Amino acid sequence: MLSSTSELQFSNENNTEISQFASLALSGDASSSGKNSTGLPVKTGYPDSVYVMAANIFQGIQIEKSPEKILIKYGNEPLRSLSESKDESFQRLSYELAFSALKYQDILETILIDSYIFPSTTIPDHLSSLIIVMLYDFQDRKFQARFLSDNEESIAEVQEVENLLNSFKTKLAAALARYRIKHDALSIYHILPETVRKQELRASTLPLYAWINTCKISPEEVCHSLKGKGYNKVKSILHIDDKVFAADQHCYDVLIFPSHLKSDLLNTDLFKDYKLIFQDKSRSLAVHSVKALLNMDDDILMVNTGSWYTVAHMSALTNNNSSKIFVCGVQSQAKHPDLKNLFTKFGCKNIEILHQTFLNIESKDNRLQKIKVILLLPRCSGLGISNPVEFILNEHEDTGLLKDFSQGGTSEDKLHVLAQQQYEQLTHAMKFTKAQAVVYCTCSVYPEENEAVVKKALEFQDRGIKVQLYSGTHLRQCL
């Protein structure tokens with residue numbers, strides 16, 4: 001239980017003092033359901049279950065500090081939710097809230113200490129994460145009350161934390177103001193590391209990419225359908241707020257949309273019926289690079305695909321070929337029926353799942369003798385992508401990516417481990433001597449995971465394996 005008797009007197013105070021600090025709060029979260037008189041989104045808060053899921057995510061990725069620097073202790077016990085929702089919009093809100101709290105962890109902890117919530121209240125360690133994520137949202141709402149719908153189920157822990165924060169709201173707002181003044185910043189956003197702020201700015205300006213599932217529909221039919229829904233085709237969607245789309249100049253089956261249209265598009269039959277699929281463009285470039293190297297009957301081996309959307313896209317590009325796509329690394333037999341069902345929804349027919357990990361598959365495997373191209377998408381730092389939340393949801397990546405993004409980089413130890421794994425996979429791919437090409441694709445900005453790994457792997461040539469650098473002639477067809 002949370003208990004505080006010293007600050008309950010603040011719970012009935014008017015909001016005059018709070019409003020003086022309103023301009024100091026952050027903005028930009030997707031927890032709004034309307035607009036105020038100035039046309040800006042009104043922050044209304046999240047459902048209880050979003051707070052709980054965000055707290056559990058935060059608990060697993062919070063920045064650990066040395067014992068002498070620990071201000072607040074975080075327990076290891078996750079909070080129990082009413083239900084584990086698989087709804088993508090629910091998960092997205094939870095990840096975004098956890099990521100926001102992570103970026104401002106130091107600031108939020110300082111505010112909690114400065115306002116005497118810690119250590120003047122008796123708070124179980126396992127609720128600390130919930131307090132952090134709810135405090136971030138509370139200050140983002142300018143310390144105003146949360147809107148609760150009548151049919152929403154409440155969670156006791158969320159109600160407790162909310163009551164606690166409300167009883168301290170004046171001191172919390174004052175602590176936030178003092179922190180901003182101390183750092184001479186217009187808002188606490190300006191206290192973030194420059195690399196993090198640049199990443200956020202880039203993410204806010206980039207468009208959405210969606211590939212056309214030609215197993216189910218043609219590009220011409222997609223354009224006709226979009227125009228029927230009020231979308232206009234333009235040459236460029238930069239700085240355009242209307243319902244528009246454009247064709248990508250690198251990949252003929254990829255369309256580009258302004259980012260603000262995502263919710264509207266997801267409600268169309270094109271996306272509901274798997275005819276259009278949102279995905280990071282790097283994955284589309286990867287499969288198009290493979291397509292440029294194939295003959296009609298060449299087989300493909302895909303390694304570490306992450307998202308099954310990448311496999312489906314590869315299938316769509318080879319739908320008119322006799323090519324077969326082998327996907328390795330699906331070790332759980334229980335997932336097989338689910339994947340087959342998903343690929344059926346996509347209209348994919350040329351996919352075969354291998355249950356061994358890539359390093360355990362031998363080059364002389366009889367099933368893989370027609371392999372001509374290996375597409376290697378290794379685990380990487382991921383710092384080259386712009387929106388880590390979308391990347392985690394679409395590519396099934398580790399939530400640890402959020403920690404790296406919040407710090408503006410990856411630790412040297414982690415980078416070394418990733419580079420070693422990439423080297424082992426790339427050199428193993430080179431053992432498949434009947435394969436004519438290996439397409440190696442990362443989402444990393446570090447040379448250690450790109451040029452350095454490839455250069456090191458090419459030393460295999462000196463050990464009797466014939467390897468030739470690819471000139472890139474065919475690659476220019478899609479790049």
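Select Asn-304 to start: Asn-304 touches Leu-376, Leu-377, Pro-378, Arg-379 and Gln-425, leaving aside residues up to four places away in sequence. The model on screen is a predicted one. Asn-304 sits in the loop between strand 8 and helix 14 (308-317). Is Asn-304 buried or exposed? Neither word fits, because its relative accessible area is 29%, which makes Asn-304 partly exposed. Now add Leu-375 to the selection. Asn-304 and Leu-375 are 71 residues apart in sequence, yet their C-alpha atoms are 8.8 Å apart in space.

**The whole chain**

Zoom out before going on. The protein has 19 helices and twelve strands. Of its 479 residues, 50% count as buried. Take the contacts between residues at least 6 apart in sequence: 76% of them join residues at least 24 apart.

**The parallel sheet**

Next, colour strands 8 to 12. In what order do the five strands of this open sheet lie? The order is 10-9-8-11-12, and the pairing is parallel. Strand 10 (351-354) and strand 12 (437-440) are at the edges; each has a single partner strand, so one side of each is left without a neighbour in the sheet. On average, neighbouring strands here are turned by 20 degrees against each other, direction ignored.

Look at the edge formed by strand 10. Strand 9 (residues 325-328) pairs with strand 10 in the parallel sense over four bridges. To find one pairing, select Cys-328, whose bridge partner in strand 10 is Leu-354.

Now show the helices that lie on this sheet. Helix 13 (residues 281-291) lies across strand 8 (299-303), strand 11 (371-376) and strand 12, and runs at about 165 degrees to strand 11. Helix 18 (residues 412-429) also packs on the sheet, where it touches strand 11 and strand 12. The direction of helix 18 makes about 160 degrees with that of strand 12.

**Cys-443**

Follow the chain on from strand 12. Cys-443 is in the loop between strand 12 and helix 19 (451-457). The UniProt record, an unreviewed entry, places the feature "active site" at Cys-443. Is Cys-443 buried or exposed? Its relative accessibility is 5%, so Cys-443 counts as buried. Display its surroundings: not counting residues up to four places away in sequence, Cys-443 touches Ser-282, Arg-283, Cys-380, Gly-382, Leu-383, Gly-384, Ile-385 and Phe-391.

**The mixed sheet**

Move to strands 3 to 7. These five strands form an open sheet in the order 4-5-6-3-7, with mixed pairing. Strand 4 (232-233) and strand 7 (276-278) are the edge strands, each with a single partner strand, so one side of each has no neighbour in the sheet. Strand 4 and strand 5 run parallel and are joined by two bridges. Lys-233 has Phe-245 of strand 5 as its bridge partner. Helix 10 (residues 219-228) packs on this sheet and touches strand 3, strand 4, strand 5, strand 6 and strand 7; its direction makes about 20 degrees with that of strand 6.

Strand 6 (residues 254-257) deserves its own selection. Which of its residues point one way, and which the other? Val-254 and Ile-256 point one way, Leu-255 and Phe-257 the other, and all are buried. In a regular strand, side chains alternate between the two faces of the sheet.

Both neighbours of strand 6 can be shown in turn. Strand 3 (residues 208-212) runs antiparallel to strand 6 and is joined to it by four bridges. Tyr-209 has Ile-256 of strand 6 as its bridge partner. Strand 5 (residues 244-247) pairs with strand 6 in the antiparallel sense over two bridges, and Ala-247 has Leu-255 of strand 6 as its bridge partner. A hairpin of six residues joins strand 5 to strand 6.

**Two helical stops**

Select helix 3 (residues 88-103) and helix 6 (residues 128-140), whose axes come within 9 Å and cross at roughly 90 degrees. The two helices are therefore roughly perpendicular to each other. Helix 3 contributes Leu-97, Ser-100 and Ala-101 to the contact, and helix 6 contributes Ile-132, Val-133, Tyr-136 and Asp-137. Of these residues, five are nonpolar, one is polar and one is charged.

Finish at residues 151-178, which an unreviewed UniProt entry annotates as "coiled-coil region". In the model, this stretch is 79% helix and 0% strand, and its end C-alpha atoms are 39 Å apart.

Methods:
Residues are numbered from 1 along each chain as its sequence is written. This is a predicted model: local features need pLDDT of at least 70, side-chain atom pairs count only at pLDDT 80 or more; totals for chains, interfaces and linings use all residues. Side-chain values use heavy atoms; hydrogens and water are left out. Axes are lines fitted to C-alpha atoms, for helices over the stretch in contact, and angles run from 0 to 180 degrees between N-to-C directions. Angles under 35 degrees count as roughly parallel, over 145 as roughly antiparallel, 65 to 115 as roughly perpendicular and the rest as oblique. Contact means heavy atoms within 4.5 Å. Ala, Val, Leu, Ile, Met, Phe, Trp, Tyr, Cys and Pro count as nonpolar, Asp, Glu, Lys and Arg as charged, and the others, Gly among them, as polar. Two strands pair if DSSP finds at least two bridges between them. UniProt positions are given in the numbering used here, feature names are shortened, and annotations may be inferred rather than shown by experiment. Buried means under 20% relative accessible area, exposed over 50%, partly exposed in between (1.4 Å probe, protein chains only).
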